[in-house]
Amino acid sequence: MNDETIYREGLDALAGHYKEIISLLGENPDREGLEKTPMRVAKAMQVLTQGYFQDPRKVLTDALFEEKYNQMVIVKDIDFFSMCEHHMLPFYGKAHVAYIPNGRITGLSKIARVVDIFSHRLQVQERFTQQIKDCIQETLKPLGVMVVVEAKHMCMQMRGVEKQNSITTTSDFCGAFNQAKTREEFMNLLRGETKRI
């Protein structure tokens with residue numbers, strides 16, 4: 001978030017709701033340390049949910065190139081931060097994406113951008129993983145796509161079971177990755193060099 005961020009309609013109303021929340025939690029929203037907090041939180045939440053107003057398919061098609069390459073393309077260790085829709089607490093980690101082109105490729109940074117857009121929405125990790133896969137499959141129409149997401153969830157670390165070191169892994173795949181051999185190739189590449197969160 002920077003001074004040039006363009007905030008969406010409803011910012012003042014959102015800040016008003018956060019002021020009321022602070023009061024309901026037992027604090028004084030008018031004291032010096034909290035006076036500007038409602039607007040700060042409102043701005044932060046608009047940034048953290050800006051993915052609702054961005055089109056990941058357009059991102060992929062803005063850098064689409066004809067290319068006769070039909071081997072695996074992997075973009076791994078894509079850092080992301082998202083908000084769990086159940087408790088509105090962060091979950092964060094790394095996404096690993098592979099696709100096998102079918103005559104068309106996209107810019108490598110665009111894969112990371114797709115992850116970024118879907119992460120900037122209220123999410124569950126399972127749907128987040130599937131949305132990345134579906135977007136790439138439907139837009140690029142490759143021979144196959146596979147996505148693996150590893151994340152830590154603050155809702156498990158700060159509340160509930162309070163497990164600090166658990167990592168949740170999800171995957172989704174289609175096309176050529178339905179073949180065990182192709183999936184294994186991708187997973188072996190990840191196991192060999194992927195660093196822990």
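Here is a chat about a predicted model, covering its sheet, one residue and a pocket.

Colleague: Let's start with the sheet. In what order do the five strands come?

Modeller: The order is 5-2-3-6-7, in an open sheet with mixed pairing.

Colleague: Which strands stand at the edges?

Modeller: Strand 5 (122-123) and strand 7 (168-175). Each has a single partner strand, so one side of each has no neighbour in the sheet.

Colleague: And how many bridges join strand 2 to strand 5?

Modeller: Two, and those strands run parallel. Cysteine 84 has glutamine 123 in strand 5 as its bridge partner.

Colleague: What lies across the strands?

Modeller: Helix 5 (residues 125-140) lies across strands 2, 3, 5, 6 and 7, and runs at about 155 degrees to strand 6.

Colleague: Switching to valine 147: buried or exposed?

Modeller: Buried, because its relative accessibility is 0%, and the cut-off for buried is under 20%. Valine 147 sits in strand 6 (residues 144-153).

Colleague: What does valine 147 touch, leaving out residues up to four places away in sequence?

Modeller: His96, Val97, Thr129, Ile132, Lys133, Thr170, Ser171 and Asp172.

Colleague: New topic: how much space lies in the largest pocket?

Modeller: About 150 Å³. Among the residues lining the largest pocket are Cys84 and Gln123, along with His86, His87, Glu126 and Met156.

Colleague: Which elements give two or more residues to that lining?

Modeller: Helix 5 and helix 6 (154-157).

Colleague: How does the lining divide into nonpolar, polar and charged?

Modeller: Four residues are nonpolar, six polar and one charged.

Conventions
Residues are numbered from 1 along each chain as its sequence is written. This is a predicted model: local features need pLDDT of at least 70, side-chain atom pairs count only at pLDDT 80 or more; totals for chains, interfaces and linings use all residues. Side-chain values use heavy atoms; hydrogens and water are left out. Helices (H or I, at least four residues) and strands (E, at least two) are DSSP runs, numbered from the N terminus. Buried means under 20% relative accessible area, exposed over 50%, partly exposed in between (1.4 Å probe, protein chains only). Contact means heavy atoms within 4.5 Å. Two strands pair if DSSP finds at least two bridges between them. Axes are lines fitted to C-alpha atoms, for helices over the stretch in contact, and angles run from 0 to 180 degrees between N-to-C directions. On a 1 Å grid over the protein atoms alone, a cavity is a set of points where a 1.4 Å probe fits but cannot get out, and a pocket is an open set with protein on both sides within 12 Å along at least five of seven lines; lining residues have an atom within 4 Å of a point. Grid points are joined across faces, edges and corners, and a volume is the space filled by probe spheres set on the points. Ala, Val, Leu, Ile, Met, Phe, Trp, Tyr, Cys and Pro count as nonpolar, Asp, Glu, Lys and Arg as charged, and the others, Gly among them, as polar.
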